[in-house]
Amino acid sequence: PTTTTARIAGGSSNGIPSHPTHEFYYIIAGRGIMKIGDEEREVRAGDLVYTPPDTTHSIWPASKNAPLRGLAFAVGTPGAGKVDYS
């Protein structure tokens, strides 16, 4: 498994990646919008969000003036090989 903590500044996004891993996002602080595939939902502190393998996803703060903090972790799938999260 891979674990990352992230702070996304107000007005920015983490992009629209897709990885061959099961991914989980735990929101530590703030409010944001999480897009998985074509669906968008509001997330806030205490939420745990699951992203299936090979599914596009993006997350950004709900406000341009306040950051969103979270913990992301990924679990590989058989045969997926090494994934670069940088």
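**Figure 1. Phe-24 and its ring partners.** At 21% relative accessibility, Phe-24 counts as partly exposed, in a model that is predicted. That value sits just on the partly exposed side of the cut-off, because buried means under 20% relative accessible area. How many aromatic pairs are there? The count comes to 2. In one of them, the ring centres of Phe-24 and Tyr-50 are 5.2 Å apart with the planes at 45°, so this pair is tilted. Phe-24 belongs to strand β2 (residues 21-29) and Tyr-50 to strand β5, so the contact ties together parts that are 26 residues apart in sequence. Tyr-50 has 36% relative accessibility and therefore counts as partly exposed.

**Figure 2. Phe-24 also pairs with Phe-73.** Here the ring centres of Phe-24 and Phe-73 are 5.1 Å apart and the planes meet at 15°, so the pair is stacked. Phe-24 is in strand β2 while Phe-73 is in strand β7 (residues 68-76), so this pair ties together parts that are 49 residues apart in sequence. Phe-73 is partly exposed too, with a relative accessible area of 29%. Put the ring pairs together and you get a cluster of Phe-24, Tyr-50 and Phe-73. If the two numbers quoted for each pair look puzzling, remember that a pair of aromatic rings is described by the distance of the centres and the angle of the planes.

**Figure 3. The β3-β4 hairpin.** Follow strand β3 (residues 31-36) into strand β4 (residues 39-44): the two run antiparallel and are joined by 6 bridges. What lies between the strands of this hairpin? There are 2 residues between them, and Gly-37 in the turn has a positive phi of about 65°. To find your way across the strands, look for Met-34, which stands opposite Arg-41 in β4. Another handy landmark is Arg-31, with Arg-44 of β4 opposite.

**Figure 4. An open sheet of 3 strands.** Zoom out a little from the hairpin and the strand order reads β4-β3-β6, with antiparallel pairing. Which strands are at the edges? They are β4 and β6 (57-61), each of which pairs on one side only. From one strand to the next, the twist averages 20°. As for what holds such an arrangement together, strands of a sheet pair through backbone hydrogen bonds, either parallel or antiparallel.

**Figure 5. Arg-31, Glu-42 and Arg-44 share salt bridges.** The structure holds 3 salt bridges. One of them joins Arg-31 to Glu-42, whose closest N and O atoms are 3.1 Å apart. This pair links distant parts of the chain, with Arg-31 in strand β3 and Glu-42 in strand β4, 11 residues apart. Are these partners buried or exposed? Arg-31 is partly exposed at 40% relative accessibility, and Glu-42 is partly exposed as well, with a relative accessible area of 39%. Glu-42 has another partner in Arg-44, where the closest N and O atoms are 2.4 Å apart. Arg-44 is again partly exposed, at a relative accessible area of 43%. Through these shared partners, salt bridges join Arg-31, Glu-42 and Arg-44 into one network.

**Figure 6. The salt bridge of Glu-39 and Arg-41.** In this close-up, Glu-39 forms a salt bridge with Arg-41, and their closest N and O atoms are 2.5 Å apart. Glu-39 is partly exposed, with a relative accessible area of 42%. Arg-41 reaches 57% and counts as exposed, because exposed means over 50% relative accessible area. You have met Arg-41 already, as the residue opposite Met-34.

**Figure 7. A nonpolar patch on the surface.** Which residues make up this patch? They are Tyr-26, Ile-28 and Leu-48, and together they have about 280 Å² of accessible area. Leu-48 lies in strand β5 (residues 48-51). With a relative accessible area of 55%, Leu-48 is exposed.

**Figure 8. Asp-54 and its positive phi.** Where is Asp-54? Look in the loop between β5 and β6. Its phi is near 55°, a positive value in a residue other than glycine. Asp-54 is exposed, with a relative accessible area of 55%.

Terms used. Residues numbered from 1 in each chain as written. Predicted model: local features only at pLDDT ≥ 70, side-chain atom pairs only at ≥ 80, totals over all residues. Heavy atoms only, no water. Pairing = 2+ DSSP bridges. Helix = DSSP H or I, 4+ residues; strand = E, 2+ residues; numbered from the N terminus. Salt bridge = Lys/Arg side-chain N within 4 Å of Asp/Glu carboxyl O. Buried < 20%, exposed > 50% of the residue type's maximum accessible area, 1.4 Å probe, protein only. Axes fitted to C-alpha atoms, helices over the stretch in contact; angles between N-to-C directions. Patch = residues over 30% accessible without salt bridge, like charges linked within 9 Å, V, L, I, M, F, W, Y side chains within 5 Å. Areas by Shrake-Rupley, 256 points an atom, 1.4 Å probe, with all protein chains shown as cover. Phe/Tyr/Trp six-rings, centres within 6.5 Å; stacked < 30°, edge-to-face > 60°.
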